[in-house]
Amino acid sequence: MVEKENVVLITEQDEPIGLMEKQEAHVAGVLHRAFSVFIFNDKGELLIQQRAFEKYHTPGKWTNTCCSHPRDGETYEEGAIRRLQEEMGFTCPIEYQFNFIYKADVGQGLTEHELDYVFKGVYNEEPVINPEEVAAYKWIDFDELQQDVQNNPEEYTPWFRIILKEYLAHLS
């Protein structure tokens, strides 16, 4: 039996107020901790992943390198490094960029309501993806990605479209 994954429920000031099973938190749409990782190569291309087709929400959608939730007692950065290894099969140094709160309908009556810590790293080798998490991956030019997200938004996760706008705003 797969162990249920809990998320850390928080106030808008990031004060923990309890734990809730992940899917239950997405049904309730309650604010919880999350992180998003953007891994670039030396050519400036972003590593994006296509979510596994067996995922309980947004299966087969493209999204950033990895994203998930820190566990109780784990820092945002520790969680990000753990999930990078679990999903993409590698670790590399990552650097905190910014954080923000967002809310996104991800379909099937589920809502992502997260305080998202965004990290960036550089890696130049090919990942070894976990097929339970990731269906495919590709390195993509950042300008080309922005254009494709604009032209084909339905191909990307709702939160990635939001995070991408925030990421661009923080770059300028």
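Here are some exercises on the predicted model above, each with a worked solution.

**Exercise 1. Overall build**

Work out which order the helices and strands follow, and check the radius of gyration against the rule for a compact globule.

*Solution.* Start with the inventory: the protein has 4 helices and 9 strands. Now walk along from the N terminus, and the elements come as β-β-α-β-β-β-β-α-β-β-β-α-α.

Next, the dimensions. Along the principal axes, the C-alpha atoms fill a box of roughly 40 × 40 × 30 Å. For 172 residues, a compact globule would have a radius of gyration near 16 Å; the protein comes in at 15 Å, so the two agree.

Then look at the packing. Of the 172 residues, 50% count as buried. Take the contacts between residues at least 6 apart in sequence: 63% of them join residues at least 24 apart.

**Exercise 2. Cysteines without partners**

Find out how many disulfides the model has, and explain why C92 is not bonded to C66.

*Solution.* The cut-off you need is a pair of cysteine sulfur atoms within 2.5 Å. Applying that, the count is 0 disulfides. Take C66, which is in no disulfide: its nearest cysteine sulfur belongs to C67 and sits 6.6 Å away. C66 is also buried, at a relative accessible area of 0%.

Now C92. Its closest cysteine sulfur is the one in C66, but the gap is 9.6 Å, so that's too far for a bond. As for exposure, C92 has 10% relative accessibility, and therefore counts as buried.

**Exercise 3. The largest pocket**

Describe the largest pocket: its volume, the residues closest to its centre, and what its lining is made of.

*Solution.* First, the volume, which is about 840 Å³. The lining takes in 34 residues, and those closest to the centre are K22, K55, Y56, R83 and E133.

Second, sort the lining by class: 17 charged residues, 9 polar and 8 nonpolar.

Third, trace the lining back to the secondary structure. Elements supplying at least two lining residues each include the helices α1 (22-28), α2 (76-88) and α4 (158-171). On the strand side, β3 (32-40), β4 (45-51), β6 (66-68) and β8 (110-122) do so too. The top contributor is α2, with 4 residues.

**Exercise 4. Positive phi outside glycine**

Take D14 and T58. Where does each one lie, and is each buried or exposed?

*Solution.* Begin with D14: its phi is near 70 degrees, a positive value in a residue that isn't glycine. You'll find D14 in the loop between β1 (6-10) and β2 (16-21). With a relative accessible area of 17%, D14 falls under the 20% limit, so D14 is buried.

Do the same for T58. Here phi is near 45 degrees, again positive in a residue other than glycine. T58 sits in the loop between β4 and β5 (62-63). Its relative accessibility is 6%, so T58 counts as buried.

**Exercise 5. A residue on α4**

Place K165 in the secondary structure, decide whether K165 is buried or exposed, and say how far K165 lies from Q146.

*Solution.* K165 is part of helix α4, one of the elements that help line the largest pocket. At 64% relative accessibility, K165 is over the 50% limit, so K165 counts as exposed. Finally, the distance: K165 and Q146 are 19 residues apart in sequence, and their C-alpha atoms are 9.2 Å apart in space.

Technical notes: Residues numbered from 1 in each chain as written. Predicted model: local features only at pLDDT ≥ 70, side-chain atom pairs only at ≥ 80, totals over all residues. Heavy atoms only, no water. Buried < 20%, exposed > 50% of the residue type's maximum accessible area, 1.4 Å probe, protein only. 1 Å grid on protein atoms, 1.4 Å probe; cavity = no way out; pocket = protein on both sides within 12 Å on 5 of 7 lines; lining within 4 Å. Points joined across faces, edges and corners; volume = space filled by probe spheres on them. Nonpolar A, V, L, I, M, F, W, Y, C, P; charged D, E, K, R; others polar. Rg over C-alpha atoms; globule rule 2.2 N^0.38 Å. Contact = heavy atoms within 4.5 Å.
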